[in-house]
Amino acid sequence: MTGKTALFLCCALLAGGFRWRVLAQVPEQAKSSFADGDYAKAIEVLNRAASSSPNDAALNAFLARCYFESEQFDLAIAAAEKSVHLDPKNSAYHELLGRSYGEKASRSSWFSALALAKKARREFATAVELDERNFSAMQALVEFDCSAPGLAGGGEDKAGPEIARLAALDAAEGSYAAANCRRQKKEYQAADTGFERSLQQHPASADLIYDIGDYYMKRGQADRLAVVVAEGERIDPQDPRGPFYRAVVYAMRQEKPAEAAKLLREYVAHGAKRDNYPSRAMAHYWLGRIEENQNDSASAQREYREAVNLEPKNRFANEALKRLQRD
């Protein structure tokens, strides 16, 4: 593993993502476009609004979020920096800026990435100082400190007190943070136990719950993933991640193939692209698994190829294709 890769695997953003607060002054058309995953349209609307109200922090922050989701990280940083300048006491804006720095870092040369990583940590720490109950910012800070080397400003010695502080405020968040720290260290048995404990404490965040779901999915743990689905649907029955992971449970258990395929195809057709949502590529991978479970190798390969077309580095789909092609 190269130094750059090691450092920025450490600095990776939480899959759970930040909890965005949509403010009243953001145009309704931008909100609806964002909800649909049409970030280009939302950006167009927001830029028009910002030209009339250039000093509106909320407009700039929402614009930054749209740039972030469309993976235009230089523009996300510029808009987020402006929102922080206009409203320096807003915890969510600092968190957004930190996450934008972090994603830019993961795509930069080692020297530039190091400077950006330090900026990301500073923004996460500021977000927490401004609002100790901004749990997603605290989770980002804990993950950074648990994973990133001291050269980048991290260190597990910092993460321990942060986890304790978070646990004192919310037991489920604290258990998740401790387990996530173990996940970063590849101590999967401890991570399994910690994530299970967090779910038993009934987290209030759907993002946190479904990040645990992503972990269980990748670990092939169907029974634990079924608990995630139940917890997620308790929080928000309309969240599209619930049906996605329910379909994955069916596929893992080789149950209800028609229903599982229907749920996954609906996700592909209607699920908005989000940093903290399963990708469409993963939906096609699981559609391939369903076909493979039914011994339809040709259809399975077609779904796996579609997954790779959408996401060339998708390990699951690439491995499945290689396996079927060998057979």
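1. Start with R121 in this predicted model. Setting aside neighbours within four places in sequence, R121 is in contact with L141, F144, D145, G153, K158 and E162. R121 belongs to helix α7, which covers residues 110-130. Is R121 buried or exposed? It is buried, because its relative accessible area is 17% and the cut-off for buried is under 20%.

2. Next, the largest nonpolar core. It has 50 residues. L46, F62, C66 and Y93 touch the most other members. Which helix gives the most to this core? Helix α4, residues 57-69, does, with ten residues. In soluble globular proteins, nonpolar side chains tend to be buried together.

3. Look at C66 in more detail. Leaving out neighbours within four places in sequence, C66 is in contact with F34, Y39, A42, I43 and L46. L46 is also among the core members that touch the most others.

4. Another core lies apart from the largest one. This other core has 47 residues. Among them are A206, L208, Y216 and L324.

5. Now the aromatic rings. How many aromatic pairs are there? The count comes to 13. Ring pairs join Y176, Y188, F195, Y215 and Y216 into a cluster. Y216 also appears in the core of 47 residues.

6. Finally, check R274. Its charged end sits over the ring of F34, at 4.3 Å from the ring's centre. R274 also lies over the face of Y277, where the distance to the ring centre is 5.9 Å. F34 came up earlier as a contact of C66.

Note on methods: Residues numbered from 1 in each chain as written. Predicted model: local features only at pLDDT ≥ 70, side-chain atom pairs only at ≥ 80, totals over all residues. Heavy atoms only, no water. Core = buried A, V, L, I, M, F, W, Y, C linked by side-chain atoms within 4.5 Å. Buried < 20%, exposed > 50% of the residue type's maximum accessible area, 1.4 Å probe, protein only. Helix = DSSP H or I, 4+ residues; strand = E, 2+ residues; numbered from the N terminus. Contact = heavy atoms within 4.5 Å. Phe/Tyr/Trp six-rings, centres within 6.5 Å; stacked < 30°, edge-to-face > 60°. Lys NZ or Arg CZ within 6 Å of the ring centre and 35° of its normal.
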